[in-house]
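Student: I am new to this structure. Please take me through one part of it closely.

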Amino acid sequence: MKPENPSFHSHHSPMGALASFTCGAHGAKGGMGLELAGPFPGSISIGYHDTSGTLHLLPLFEGSESSEAERYVEGPEGTQGKLHTLGDVTREYLWATDRISAPGVTFEIVSPFFAIPDPKQATPIELAFASCPVVQATVTFKNEGDEPIRGIFALGIDHRWSGLSDRTNGTLIGATSREEIGFATQNEEASCWMDFDPISAMNRKHSTPEFLLGPTAGLEIFVPGGEERTLEITLGFFKAGNATFNRSMSYYYTQHFTNLSQVLEYGIAAREEYLELAHERDEELVAAKLNDEQKFLIAHATRSYYGSTQWLWDGSESVWVVNEGEYLMMNTFDLTVDMLFFEMRFNPWTVRNELEQFASRYSFYDEVFDPQDPNTLYPGGISFTHDMGVMNHWSPTGRSSYEVGGLDRACFSHMTCEQLTNWVLCAGVYLSQTHDDEFLRRYRQTLIECFASLQNRDHPDPEKRDGIMSFESSRTQGGGEITTYDSLDHSLGQSRRNIYLGGKMWASYVVLEKLFELSELNKLSSRAHDAAKRAAETLTAGYDPKLGYIPAVLEGENTSAIIPAIEALVYPHVMGFEEVTSDDGPYGEYIKTLKKHLKHVIDSGICLYEDGGWKLSSSADNSWMSKINLCQFVAREVLGFDFGEGQFQADQAHARWEREGSKLSACSDQFRSGVAHGSLYYPRIVTNILWMNE
């Protein structure tokens, strides 16, 4: 698993700390940061200093040949050291381990992740281990010459550092800044320094290693000729006190650690256990029956997901939040439904937690209207907000930070119908895989209300229903609803009569039929089945033999072709309802039609880019990696497509989009012709965890 191009940024993050050590792109800024919308704009200096005064560094910094010390302390004659950027860089990119190497230096960053125990059932020891906000790093220096060298690891920031040794009675060697970020080692051969930059530090004339005016702090270790030395480093993050506003919460790890020094001490003590778990994840992905580009995409997405997560404490219980990448919106519901598969694999309690939050604080009741008569309102029903807040500011009850009224099918309009399907689909997958009878009992009435609300958004008159959305939410104030594809054209952005959302309504009815059956609500189960049949028949009837596919919107003169027509098949599939997605099942004609639809839009090339990447809509150059990954799984595993050589070509294209088109933004979601243009630093791409089941 060695990417062809090793130069790209990636997250390296603890679970639930909304923190990241972002690095990897050559010639770029990076570093450690909390609650950021992009890479920390610092410098990373890793390499060695030789006896000629030359500093050899991995190309992980935005640098120049000059030194800050020339301006402030010693003058041009005082810094005779030269800077040499190491070449021949290679990178091994595993699920939890990122290894960057050049002659003489290997830098390894380990981001362990594992099943976070349910806080309602786990012991304090288990919870402290899972929540400790650390990342493990190792730098190995191999001196193949005869003369000694000094190996270094250093970070440059936009504020200042404090030494650790005095505050920990010499048990930790390293530095912290503002008690929020820091690094430490217990290697007694290592020493800590602070200075303007690494050249100044390595060539200093003064005798005070920890020069507190300097914004750069580092570790150094002496490496004799012909020998090898290793620096084992723990990177730690910490934010004390209140972390969110409008609803005061702290980070969960503050229940177990009171300061950054404790975090670093614990991280060092537990280092071997963390490394062992990371190795297990690495081996799991290596063993998967996937090509290396698919494995890369899974590893890249996983890092980005955890870089966006917050595990909070509200004073009485845990609260799980996934922030929306660069936008930092909290628990965006149309991301939750896509990240569902990853969370169910590792942390099912987080899905329950998110559903409970939406039901208790971010649900509401509205009315609906016919767009031809916006002044006449009819009963709508329950639905859920787009998100719960932004940048650590919780939104008021029943409101999102994103949605506003008065817009007609444009960014920032309401996503009421889609979020309604999302609660149903998340609940269905959660219940099918956990058999949480207590959750089903508590939310049975909510599911009943969801069913009524879905039907009202089809049509308030039962005789005129055809299974898909036709009526708009009153929250749009006369406008029109959108889908999660807010920045696309009508092919995917418009909710009304959209076959993408129509598929999610069909899947919601399928889920409700099964859940009502479990709850012994047989009449409702039968009605849900009938609604699913109506939706499937409507979508099937939309197939246009002249076009060779179902047009994206079943109104007007729309002729756009979209791949996500197939997306909703994933929900009954992962719930184990194989008959639902079978050609011979109750929705066989619908399934056959979707196969014809997908075959045409792929074979004809109207939904492909020139590099073989998937284009979600034929009429919009805006393709989303998370949805591509999800639809690829559905195409292969549910519909049985074999794309032959085209599969690797597509995987390689998508991987290149991330490595090259999103080089400086870590894992991103929205791409135009292979270049990221939105949804940067994003968590949603973990839909590709589904590939592990193929």
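Is Phe-183 buried or exposed, and why?

Tutor: First, the ground rules. This is a predicted model, where local features need pLDDT of at least 70, side-chain atom pairs count only at pLDDT 80 or more, and totals for chains, interfaces and linings use all residues. Residues are numbered from 1 along each chain as its sequence is written, and side-chain values use heavy atoms, with hydrogens and water left out.

Now to Phe-183. Phe-183 counts as buried because its relative accessibility is 0%. Buried means under 20% relative accessible area, exposed means over 50%, and partly exposed lies in between (1.4 Å probe, protein chains only).

Phe-183 has an aromatic partner, Phe-153. Rings of Phe, Tyr and Trp (its six-membered ring) pair if their centres lie within 6.5 Å. Planes under 30 degrees apart count as stacked, over 60 as edge-to-face and the rest as tilted. The pair of Phe-153 and Phe-183 is edge-to-face, with 5.5 Å centre to centre and 80° between the planes.

Where do the two rings sit in the chain? Phe-153 is in strand 10 (residues 149–156) and Phe-183 is in strand 13 (residues 181–185), so their pair ties together parts 30 residues apart in sequence. Strands here are DSSP runs (E, at least two residues), numbered from the N terminus.

Phe-153 also counts as buried, because its relative accessibility is 0%.

The pair is one of 46 aromatic pairs found in a search of the whole structure. Elsewhere, ring pairs link Phe-333, Phe-358, Phe-384, Trp-423, Tyr-430, Phe-439 and Tyr-443 into a cluster.

Notes: Helices (H or I, at least four residues) and strands (E, at least two) are DSSP runs, numbered from the N terminus.
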